[in-house]
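This report goes through selected parts of one protein structure and its ligand. Please keep the sequence and the structure at hand while reading.

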Amino acid sequence: MKGTFPVSKFGELRTPFYYYDTELLRNTLKTACSEAARYERFELHYAVKANAHPQVLSLIRESGMGADCVSGGEIRAALKAGIPASKIVFAGVGKADWEINLGLDHDIFCFNVESIPELEVINQLAADKGKQASIMFRLNPNVGAHTHANITTGLAENKFGIAMEDLDKVVDAALGMSNVRFIGLHFHIGSQILDMGDFAALCNRINELQDRLEARQLLVNHINVGGGLGIDYQHPNRQAIPDFKSYFATYAKNLRLRPHQTLHFEPGRAVTAQCGSLISRVLYVKQGANKQFAILDAGMTDLIRPALYQAYHKIENISSDEPMETYDVVGPICESSDVFGKAIDLNRTKRGDLIAIRSAGAYGEVMASGYNCRELPKGYTSEDL
Ligand SMILES: *Cc1c(COP(=O)(O)O)cnc(C)c1O
């Protein structure tokens, strides 16, 4: 089964471009928000780094979600979309002074702090402004996630977070500073996680850490478990909306949330991946020695995930209903890794056909580059056409 696209409306657009199905995005947001609302005090902050298209961010804001930002630019994009600063969290292992100042000037909800040197800088910059910054510590829970090595973040070897052994030390440091307010603990174990057992393992680790804090008579009001819920790249049509129900239920069942604690989530991929496709045109069909290539006008500069993570994206010829043939689907960039898929079955393909590379709404357009002096792809929503 192929996806449905307004192919006739694509005719005038210059390829390659990203196409976002806003109906699916709305339905996904509705599902995520209503499943979270089954529980008291579950709050969602969309991870802006997955897709920062202005219209996408507007729909996120309409849904009531806040934003998880990892740069000053993302804070600006979230504010521009109308997401209130009181719902913005700011994460990242290397925050520049201007970015911290931007967060302070707007009184964002909190900074997720990853080291003592960073804590000291935030305290100093907040003091300069006569403000108090709310902070959570991002801890590295040393929980492995069953996902690609380049996208696991919660192992001791990763650069992210503060080691659990150092919890007491960093909390002491924060309690000794007058311009930061320690309000909670933050975690993020990785991305494209489909095994709910990984999230349950994180919950168990958080339970232990909370016990440790309580042993010191410390009670925090906020726990933030990051993002990471995966999507079905193999079957974007069969499972267009990720399983938010099981995801939130896993946390509700396994995490011992204390009374008055709010649980924060930062989904990125799960919200936007399935609503987006990279639409491209076939430039040439080339016969190789023992295979045929479909050479597209889109390349790794437009969608880098296959080259960077060996990620699978379903590929469909949306111009052809002819019998299936097998192709290596490649881009025009001068790199051998510029391949979207090998031995892919497509309806018989010819020059000029439109190809949809599915599930590309997260970590797609935002990662585009100008390598080979290429233009950045544009993004259109179904409402633009
Ligand atoms: C990337 C990231 C997210 C979003 O991850 P997804 O897998 O897209 O849900 C959330 N929180 C933090 C801190 C991140 O770095």
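## Asp353

Asp353 has a relative accessible area of 2% and is therefore buried. The model described here is a predicted one. Asp353 sits in the loop that runs between strand S15 (339–347) and strand S16 (354–357).

The side chain of Asp353 is joined to that of Lys350 by a polar contact of 3.0 Å. When residues up to four places away in sequence are not counted, Asp353 touches Ser280, Arg281, Val282, Asn317, Ser319, Ser320 and Arg348.

## Ser359

Another loop residue is Ser359, found between S16 and strand S17 (378–381). Its relative accessibility is 1%, so Ser359 counts as buried.

Most residues other than glycine have a negative phi. Ser359 is not a glycine, yet its phi is positive, near 55°.

## Pro16 and its cis peptide bond

Pro16 is placed in the loop between helix H1 (7–10) and strand S1 (17–20). Is this residue, Pro16, buried or exposed? With a relative accessible area of 15%, Pro16 is buried, because buried means under 20%.

Most peptide bonds are trans. The bond that leads from Thr15 to Pro16 is cis, and its omega is near -5°.

Which residues is Pro16 in contact with, leaving aside its neighbours within four places in sequence? They are Leu278, Ile279, Ser280, Asp297, Ala298, Asp302, Arg374, Pro377 and Lys378. Ser280 is also among the residues touched by Asp353. Pro16 and Ala356 are 340 residues apart along the chain, and a distance of 9.8 Å separates their C-alpha atoms.

## Helix H4

Helix H4 covers residues 72–80, and its buried residues are Gly72, Glu74, Ile75 and Ala78. Around the helix axis these residues cover an arc of only 160°, so they are on the same side of H4.

What do the buried residues of H4 pack against? Their partners are two helices, H3 (54–63) and H5 (97–105), and two strands, S3 (66–69) and S4 (88–90). Just after H4 comes Gly82, with a positive phi of about 95°.

## Helix H5

The buried residues in H5 are Glu99, Ile100, Leu102, Gly103 and Leu104. They pack against H4, S4 and S5, and also against helix H6 (116–128) and strand S6 (133–140).

Asp107 follows just after H5, in the loop between H5 and strand S5 (110–113). Although Asp107 is not a glycine, its phi is positive, at about 55°.

## Lys95

The loop between S4 and H5 holds Lys95. Lys95 has a relative accessible area of 10% and is therefore buried.

Two polar partners of the Lys95 side chain can be described. One is the backbone oxygen of Asn112, which the side chain of Lys95 reaches at 2.6 Å. Another is the side chain of Glu118, with a polar contact of 2.6 Å. Not counting residues up to four places away in sequence, Lys95 touches Phe90, Ile100, Phe111, Asn112, Val113 and Glu118. Of these, Ile100 is one of the buried residues in H5.

## The ligand and its surroundings

How many residues are around the ligand, and which come nearest? There are 14 around the ligand, and Lys49, Ser191, Glu266, Arg269 and Tyr363 come nearest. By type, the residues of the shell divide into five charged, six polar and three nonpolar.

Some of the distances between protein and ligand can be given atom by atom. In Lys49, a polar side-chain atom is 2.8 Å from an oxygen atom of the ligand. In the side chain of Ser191, an N or O atom lies 2.3 Å from a ligand oxygen atom. For Gly268 the atom belongs to the backbone: an N or O atom there is 2.9 Å from an oxygen atom of the ligand. On its own the ligand has 390 Å² of accessible area, and the protein covers 94% of this.

Key. Residues are numbered from 1 along each chain as its sequence is written. This is a predicted model: local features need pLDDT of at least 70, side-chain atom pairs count only at pLDDT 80 or more; totals for chains, interfaces and linings use all residues. Side-chain values use heavy atoms; hydrogens and water are left out. Buried means under 20% relative accessible area, exposed over 50%, partly exposed in between (1.4 Å probe, protein chains only). Helices (H or I, at least four residues) and strands (E, at least two) are DSSP runs, numbered from the N terminus. The arc is that of the directions from the helix axis to the C-beta atoms. Contact means heavy atoms within 4.5 Å. A residue is near a molecule or strand if one of its heavy atoms lies within 4 Å of it. A polar contact is a pair of N or O atoms within 3.5 Å; within protein, one must be able to donate a hydrogen and the other to accept it, and residues adjacent in sequence count only if both atoms are side-chain atoms. Accessible areas come from the Shrake-Rupley method with a 1.4 Å probe; for residues, only the protein chains shown count as cover. Ala, Val, Leu, Ile, Met, Phe, Trp, Tyr, Cys and Pro count as nonpolar, Asp, Glu, Lys and Arg as charged, and the others, Gly among them, as polar.
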